[in-house]
Amino acid sequence: MQVPAPFEYERATSVDHAISLLERLGGTARLIAGGHSLLPMMKLRLANFDYLIDINDLHGELGYVEAGPDEVRIGALTRHRELLESPVLAAAFPIFADAERVIADPVVRNRGTLGGSLCQADPSEDLSAVCTTLDARCVIRGPGGAERVVSMEEFHVGPYETAVADDEILVEIRLPVRPGCGSAYAKVERRAGDWAVVSAGAAVWLDGGAIVDARVGLAAVGPNTTGIPAISAALRGQEPSESLYEQAGTIAADSCDPVTDQRGSAEYKRHLAAELTRRTLRRAVERARS
Amino acid sequence: MQVTMTVNDVEVTREIEARLLLVHFLRDVLGLTGTHWGCDTSNCGTCVVWLDGEPVKSCTVLAAMAGGHQVRTVEGLAKGAELDPIQQGFMQCHGLQCGFCTPGMMMTARALLDRNPDPSETEIREAISGQICRCTGYATIVRSVRWAAVAEAQAATQVTETTESSEAGEIDNAGQPAEAVA
């Protein structure tokens, strides 16, 4: 029987209450949302905390997907299933549904949250790759209601490490909305619901048939989910074509930093990075055109 | 710490350790051993119960997190002596072999039918994709869920017909729906 080491349990009644608890308890405490990353780590004694602060009661405050004219805002406590079933995201960013269909399984998706996934900062984590692809901004709130907004590059400091301080909480993800957008996600896994061997997200923005901008985010091929500026530079201003996707795939394979492990060799993962980049770009362009 | 939750419509209050997992609370504290405990790592899905009507893996939920919420286990599936159509389907279509995955499978299946009364085979397979049957029984499990869907649809039709003809009478949904056994 695997159980976590002993800890004290607190339940937050509002975001401000959660922050005041964090202020008091500092690094000895962790927020628990869905708990599907944190509890397994605590069972395995990979993580131990004196206090867990349960924020599930904040779903009313932090569980939403809202479309605005310039951006889509998603509350950090929005659960995977809500992301999968969101009509707003299906219309604006189909990459979310692509990714959610391959994240864990439906029962786990009933609990896990967007904010929890990003804050776990696992290098193989799918929604981090999605948010990197879409150039998301992360809203972090601290004591006194102070908010700061950081990019995904700034948010992920390293594996399992984020820019969120001990007395702060990730409250919202903002996705910029630009016209002519298409997006897609693809993942190779060993079995259904597993972590990625490699996964790739792509987003393109078309105007008059040409690519105005493009972004690719890879997961499981480096310490963080990686945005690849060289691909954006190579694709801007070009007409979509198979040779262009090929070129992007080559850049992706050259830019990533996979390691050989039980999921596959570094060489195989580079091959996947190239192939999944090609496939998702192709699909993203199809969607942008339709 | 003290936790109070509603399990199968009964409010329970117990003194627990904060680290106690919901699956162990149900089994060891309340004695509701219908919920099985398998892999401990959120993979096998045999510990699935409902938390506020949604299936969750109770090995990855703290009992404390269920405080103030509604929990339903396989013991709460039947209405008194009357089995839920899902349970009848598992009997009729041989949906269980060793029975270990069965409680979790039935809880997920019930939640699926509540949301989608007419799921396709693919939709059923997706719904139970986080749950493992080591008896290679997925084909009969899928058939069992379809049986229940058809049985419920037929029962609903009979209710409508009975209401329209103002006839009182018991609804017989224990019969074999033709589609599901074909």
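## Briefing: chain B fold, the A–B interface and selected sites

Helix α1 of chain B spans residues 22–29, and B:Leu22, B:Val23, B:His24, B:Phe25 and B:Leu26 are buried in it. This is a predicted model. Chain B has 182 residues, and 53% of them are buried. Its contact with chain A buries about 2300 Å². Over all chains, the structure holds 34 salt bridges.

**Helix α1 of chain B and its surroundings**

- The buried residues of α1(B) pack against four strands of chain B: β1 (2–7), β2 (10–15), β3 (48–51) and β5 (70–72).
- After α1(B) comes B:Gly31. The phi of B:Gly31 is positive, near 75°.

**Chain B as a whole**

- Chain B contains six helices and five strands.
- Read from the N terminus, the order is β-β-α-β-β-β-α-α-α-α-α. The five strands of chain B thus sit ahead of the closing run of helices.
- Among contacts in chain B with a separation of 6 or more, 58% join residues 24 or more positions apart.
- The exposed surface of chain B comes to about 8300 Å². Carbon and sulfur atoms supply 51% of that surface.
- B:Arg19 and B:Glu17 form a salt bridge within chain B, with the closest N and O atoms 3.0 Å apart. B:Glu17 is partly exposed, at a relative accessible area of 45%.

**The interface of chain A and chain B**

- Interface size is often expressed as the accessible area lost when the parts come together.
- Here chain A and chain B bury about 2300 Å² between them. Carbon and sulfur atoms account for 60% of this buried area.
- Chain A brings 30 residues to the contact, and chain B brings 31.
- Four salt bridges cross the interface. A salt bridge joins the side chains of A:Lys43 and B:Asp40, at 3.5 Å from N to O.
- The interface also has 11 residue pairs in polar contact, both residues being at pLDDT 80 or more.
- On the side of chain A that touches chain B, five elements each supply at least two residues. They are β1 (8–11), α2 (38–43), β3 (51–54), α4 (80–85) and α7 (106–109).
- That side of chain A has 15 nonpolar, six polar and nine charged residues.

**Salt bridges within chain A**

- A:Asp261 and A:Lys269 form a salt bridge, with their closest N and O atoms 2.9 Å apart. The two partners fall into separate exposure classes: A:Asp261 is partly exposed at 31% relative accessible area, whereas A:Lys269 is buried at 2%.
- A:Arg279 and A:Glu275 also meet through their side chains in a salt bridge, at 2.9 Å from N to O.
- Both A:Arg279 and A:Glu275 belong to helix α13 (residues 266–289) of chain A. They are separated by about one helical turn, because they lie four residues apart in that helix.
- A:Arg279 is partly exposed, at 44% relative accessibility. A:Glu275 is buried at 19%, just within the 20% cut-off for that class.
- A network of salt bridges links A:Glu71, A:Arg73, A:Glu172 and A:Arg174.

**Two buried sites in chain A**

- A:Ala203 lies in strand β12 (residues 196–207) of chain A. A:Ala203 counts as buried because its relative accessibility is 0%, under the 20% cut-off.
- Beyond neighbours within four places in sequence, A:Ala203 is in contact with A:Thr133, A:Leu134, A:Gly182, A:Ser183, A:Asp213, A:Ala214 and A:Arg215.
- A:Ala203 and A:Ala284 are 81 residues apart in sequence. In space, their C-alpha atoms are 6.0 Å apart.
- A:Ser232 is found in helix α11 (residues 229–235) of chain A. A:Ser232 is buried, with a relative accessible area of 5%.
- With neighbours within four places in sequence set aside, A:Ser232 is in contact with A:Asp213, A:Ala214 and A:Arg215. A:Asp213, A:Ala214 and A:Arg215 are also among the contacts of A:Ala203.

Terms used. Residues numbered from 1 in each chain as written. Chains lettered and ligands numbered in written order. Predicted model: local features only at pLDDT ≥ 70, side-chain atom pairs only at ≥ 80, totals over all residues. Heavy atoms only, no water. Buried < 20%, exposed > 50% of the residue type's maximum accessible area, 1.4 Å probe, protein only. Contact = heavy atoms within 4.5 Å. Areas by Shrake-Rupley, 256 points an atom, 1.4 Å probe, with all protein chains shown as cover. Buried area = accessible area lost by both parts, 1.4 Å probe. Polar contact = N/O pair within 3.5 Å; in protein donor to acceptor, adjacent residues only side chain to side chain. Nonpolar A, V, L, I, M, F, W, Y, C, P; charged D, E, K, R; others polar.
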